[in-house]
Amino acid sequence: MKHSHTPSFLIACSAVLAVCWGLALSFFGGHWLLTGHLFPHKAEAKIVVAGAETPADASGGAPKAEEKPFDLASYTPDVGRGETIAAKCKACHSFDNGGPNRVGPNQWGIYGGHLGHRTDFSYSSALLEKKASVPTWDYAALDAFLADPKGWMPGTKMQFNGIKKPDERADLIAWLKTLK
Ligand code: HEC
């Protein structure tokens, strides 16, 4: 019984083949109708070559999103997220009006206040010396200090590594601004 293919099996085979041909023809034919190219891969290759002529591609591709410099002017800070980020500070600071000094001074009114804004806290000499060149906690000063406390104020008593992401600092400082 070598030739056991029944006619219905053969009909099924040709039906499958017909469907395959139909798909192939409609794919290539449709592509050809749209683009004039019979082989889609050639058409794609052509697009890539055309793109390579632009300066961005010549220098190795457009910059990735995370490499873009942070643009504070066009950033809308998220005050709520800023308050969440401040959880990192609460081991050492209270933030409420009239709150106590802890390891670090109370932070109420810090934005726009003087360096060493509390008279009842014993600041490091590093902080008091910095006050001569940077009198006020404006945005730039807070941003620089919170990015790298020991780098910006060598000798500070604040044992904190800093917040590396500029958008997180912007959110946090936006929340600090509300404490007045
Ligand atoms: C490990 C404890 C600690 C943590 C955590 C900490 N700080 Fe401090 N902070 C201090 C100390 C101590 C000082 C006083 C620094 C000095 O005298 O050099 C200080 C000072 C400051 C000052 C200056 C206050 C003034 O009156 O001039 C600001 C602003 C500040 N911290 C903000 C923050 C923020 C915001 C965070 C969270 C992102 C934070 N700190 C996290 C301990 C801490």
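**Exercise 1. Which residues does leucine 172 touch, not counting residues up to four places away in sequence?**

Let's begin with the ground rules. This is a predicted model, in which local features need pLDDT of at least 70 and side-chain atom pairs count only at pLDDT 80 or more, while totals for chains, interfaces and linings use all residues. Residues are numbered from 1 along each chain as its sequence is written.

Step 1: fix the criterion. Two residues are in contact if their C-beta atoms, placed from the backbone, lie within 7 Å.

Step 2: apply it with the sequence filter. Leucine 172 touches Gly82, Ile85, Ala86, Leu146 and Ile163.

**Exercise 2. Find out how far the model's confidence reaches.**

Step 1: start from the average. pLDDT is the predictor's confidence in each residue, from 0 to 100. The chain averages 81, and 63% of the residues score at least 70.

Step 2: look for a weak stretch. The pLDDT is below 50 over residues 42-58, a stretch with 7 contacts in the model beyond near neighbours in sequence.

Step 3: draw the lesson. Where pLDDT is low, the predicted coordinates should not be read in detail.

**Exercise 3. Describe the fold and check the length of helix H8.**

Step 1: list the elements. Helices (H or I, at least four residues) and strands (E, at least two) are DSSP runs, numbered from the N terminus. The chain has 8 helices and 0 strands, giving the pattern α-α-α-α-α-α-α-α along the sequence.

Step 2: work out the expected span, which is 1.5 Å times one less than the number of residues. For the 12 residues of H8 (residues 166-177) this gives 16 Å, and the end C-alpha atoms are 16 Å apart, so the two agree.

**Exercise 4. Place H8 in the interior of the model.**

Step 1: define burial. A residue is buried if 20 or more other C-beta atoms lie within 10 Å of its own, exposed if 12 or fewer, and partly exposed in between, with C-beta atoms placed from the backbone. Buried residues make up 13% of the 180 residues in the chain.

Step 2: read off the helix. In H8, the buried residues are Arg169, Ala170, Asp171, Leu172, Ile173, Ala174, Trp175 and Leu176. They pack against helix H4 (79-85) and helix H6 (139-147).

Step 3: find the core. A nonpolar core is a set of buried Ala, Val, Leu, Ile, Met, Phe, Trp, Tyr and Cys residues joined through C-beta atoms within 7 Å. The largest one has 14 residues, of which Tyr111, Leu172, Ile173 and Leu176 touch the most other members. H6 and H8 are the elements that give two or more residues to this core, and H8 supplies the largest share, 6 residues.

**Exercise 5. Classify alanine 144, glycine 113 and aspartate 71 by burial.**

Step 1: alanine 144 sits in helix H6. It is partly exposed because it has 16 C-beta neighbours inside 10 Å.

Step 2: glycine 113 belongs to the loop between H4 and helix H5 (125-133). With 17 other C-beta atoms within 10 Å, glycine 113 is also partly exposed. Its C-alpha atom is 5.7 Å from that of threonine 136, 23 residues apart along the chain.

Step 3: aspartate 71 lies in the loop between helix H3 (55-58) and H4. Aspartate 71 has 8 C-beta neighbours inside 10 Å, so it counts as exposed. The C-alpha atoms of aspartate 71 and aspartate 167 are separated by 9.0 Å, although these residues are 96 apart along the chain.

**Exercise 6. Characterise the surroundings of the ligand.**

Step 1: collect the residues near the ligand, meaning those whose C-beta atom, placed from the backbone, lies within 6 Å of it. There are 25 residues around the ligand, and Cys89, Cys92, Gly104, Ser124 and Met158 come nearest.

Step 2: sort by class. Ala, Val, Leu, Ile, Met, Phe, Trp, Tyr, Cys and Pro count as nonpolar, Asp, Glu, Lys and Arg as charged, and the others, Gly among them, as polar. The shell has 15 nonpolar, 7 polar and 3 charged residues.
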